[in-house]
Amino acid sequence: MTERKPTGVSIESWVDRQIREAAERGEFENLPGYGKPLASLDAPYDELWWIKGKLHREGFSPLPPSLALRKEAEDAKEAVRAARSERQVRGILTAINEKIGKALRMPPPGPPLNLGTFDVEAEVATWRAAREAAEPGPNPEPPRSPGA
């Protein structure tokens, strides 16, 4: 698409030719989403669709900082339940406790935080107990008959 439109040719026919030639070269094949319906086809029209999409892709949170931190604390609890090692549990809790501690020292704008730091040792003990309850213990062998 680096060539310039020749003089005397209408823009429409020039663009149509560019598209046709690109299609003949196969430049429209194997594109992401090729052959799939548009995700927003049935959604109502929103003038700010591109801004909302950009914010979503960038991971921007429209929540006030205190509510975002509460959500992050809930996500940390879920991550602790799914953790595979005690080291992961401690790492997750230490990271969220640092954020909570910072927010408690300098409260963010918005609604009250209503959140305290996690007791790491208590959470680790709870994690251990849940893990032990989920893991099956040793299976005793069934009694054998004397002739076997």
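Reader: Which side chains does the salt bridge in helix H1 join, and how far apart are Arg 20 and Glu 24 in the helix?

Author: Side chains of opposite charge can pair when their charged atoms come close. In this predicted model, the side chains of Arg 20 and Glu 24 form a salt bridge, with 3.4 Å from N to O. Because Arg 20 and Glu 24 are four residues apart in helix H1 (residues 11-25), about one helical turn separates them.

Reader: Is Glu 24 buried or exposed?

Author: Glu 24 is exposed, because its relative accessible area of 59% lies over the 50% cut-off. Arg 20, at 44%, is partly exposed.

Reader: Which residue forms a salt bridge with Lys 71?

Author: Asp 75 does, and the closest N and O atoms are 2.9 Å apart. Both residues lie in helix H3, four residues apart, about one turn of the helix. Lys 71 is partly exposed at 42% relative accessibility, and Asp 75 is partly exposed at 38%.

Reader: How many salt bridges does the structure hold?

Author: The structure holds 11 salt bridges. Glu 86, Arg 90, Glu 121 and Arg 128 are linked in a network of them.

Reader: Which residues of the largest nonpolar core touch the most other members?

Author: Of its 15 residues, these are Leu 69, Val 89, Leu 93, Ile 96 and Phe 118. The elements giving two or more residues to this core are H3, helix H4 (86-105) and helix H5 (120-134). H4 gives the most, with five residues. Leaving aside residues up to four places away in sequence, Leu 69 touches residues including Ile 96, Ile 100 and Leu 113.

Note on methods:
Residues are numbered from 1 along each chain as its sequence is written. This is a predicted model: local features need pLDDT of at least 70, side-chain atom pairs count only at pLDDT 80 or more; totals for chains, interfaces and linings use all residues. Side-chain values use heavy atoms; hydrogens and water are left out. A nonpolar core is a set of buried Ala, Val, Leu, Ile, Met, Phe, Trp, Tyr and Cys residues joined through side-chain atoms within 4.5 Å. Buried means under 20% relative accessible area, exposed over 50%, partly exposed in between (1.4 Å probe, protein chains only). Contact means heavy atoms within 4.5 Å. A salt bridge is a side-chain nitrogen of Lys or Arg within 4 Å of a carboxyl oxygen of Asp or Glu.
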